[in-house]
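Reader: I have a structure open and want the reasoning behind its labels. Please take me through the terms one by one.

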Amino acid sequence: MEIEVIFKIAAIGIIVTIVCQVLKKSERDDVATIVSLAGLIIVLTIVLDMVAELFTSIRSIFDIF
């Protein structure tokens, strides 16, 4: 696994956390919720792409399909 992916996910988490804290302090809880959901969706797309690559590698290794 590439270490850059872990750093990307950590950076997204830190940025989303900071933005959410700033929005909550300014009493914009609805926008903070949307920002946290957007961060979650971004991270899930990165992880799903990695899982798809894993399954492709497994298929090629075991010569399935």
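Reader: How do you know that the span of α2 is close to the expected one?
Author: This is a predicted model. In it, α2 has 34 residues. From its first C-alpha to its last, α2 reaches 49 Å. At 1.5 Å a residue, 50 Å is expected. The two values are close.

Reader: How does α1 do on that count, at 1.5 Å a residue?
Author: α1 has 23 residues and reaches 33 Å between its first and last C-alpha. The expected value is 33 Å. So the span counts one step of 1.5 Å for each residue but one.

Reader: Which residues of α1 are buried?
Author: Val 5, Ile 12, Val 16, Cys 20 and Leu 23. Buried means under 20% relative accessible area. These residues pack against α2.

Reader: And which residues of α2 are buried?
Author: Ala 32, Gly 39 and Val 43. They pack against α1.

Reader: What makes the largest nonpolar core, and which residues are in it?
Author: It has six residues: Ile 12, Val 16, Cys 20, Leu 23, Ala 32 and Val 43. Both α1 (3-25) and α2 (29-62) supply at least two of them. α1 gives the most, with four. To belong, a residue must be buried, be of a listed nonpolar type, and be joined to the set through side-chain atoms within 4.5 Å. Glycine is not a listed type, so Gly 39 is buried but cannot count towards a nonpolar core.

Reader: What does Leu 23 touch, leaving aside its neighbours within four places in sequence?
Author: Leu 23 is in contact with Arg 28, Asp 29, Val 31, Ala 32 and Val 35. Contact requires heavy atoms within 4.5 Å.

Reader: With the same neighbours left aside, what is Ile 46 in contact with?
Author: Val 5, Ile 9 and Ile 12. Ile 46 lies in helix α2. Its C-alpha is 9.3 Å from that of Lys 8, although the two are 38 residues apart along the chain.

Reader: Why is Ile 14 called exposed?
Author: Its relative accessible area is 52%. Exposed means over 50%. Therefore Ile 14 is exposed, at 52%. Ile 14 lies in helix α1. Its C-alpha is separated by 17 Å from that of Ile 3, 11 residues away along the chain.

Reader: Why is Thr 45 called partly exposed?
Author: Its relative accessibility is 48%. The partly exposed class lies between the 20% and 50% cut-offs. So Thr 45, at 48%, is partly exposed. Thr 45 is in helix α2. Thr 45 and Val 16 are 29 residues apart in sequence, and 16 Å apart C-alpha to C-alpha.

Reader: Why does Ile 61 count as exposed?
Author: Its relative accessibility is 64%. The cut-off is over 50%, so exposed is the right word at 64%. Ile 61 is found in helix α2.

Reader: What makes up the nonpolar surface patch?
Author: Val 47, Val 51, Leu 54, Phe 55, Ile 58, Ile 61, Phe 62 and Ile 64. The patch covers about 720 Å². Each member needs over 30% relative accessible area. Ile 61 meets that, because it stands at 64%.

Reader: What makes Glu 27 stand out?
Author: Glu 27 has a positive phi of about 60° and is not a glycine. Most residues other than glycine have a negative phi. Glu 27 follows α1, in the loop between α1 and α2.

Reader: Is Glu 27 buried or exposed?
Author: Its relative accessible area is 71%. That is over the 50% cut-off, so Glu 27 is exposed.

Reader: Which residue follows α2, and what is its phi?
Author: Asp 63 follows α2. Its phi is positive, near 55°.

Technical notes:
Residues numbered from 1 in each chain as written. Predicted model: local features only at pLDDT ≥ 70, side-chain atom pairs only at ≥ 80, totals over all residues. Heavy atoms only, no water. Buried < 20%, exposed > 50% of the residue type's maximum accessible area, 1.4 Å probe, protein only. Helix = DSSP H or I, 4+ residues; strand = E, 2+ residues; numbered from the N terminus. Patch = residues over 30% accessible without salt bridge, like charges linked within 9 Å, V, L, I, M, F, W, Y side chains within 5 Å. Areas by Shrake-Rupley, 256 points an atom, 1.4 Å probe, with all protein chains shown as cover. Salt bridge = Lys/Arg side-chain N within 4 Å of Asp/Glu carboxyl O.
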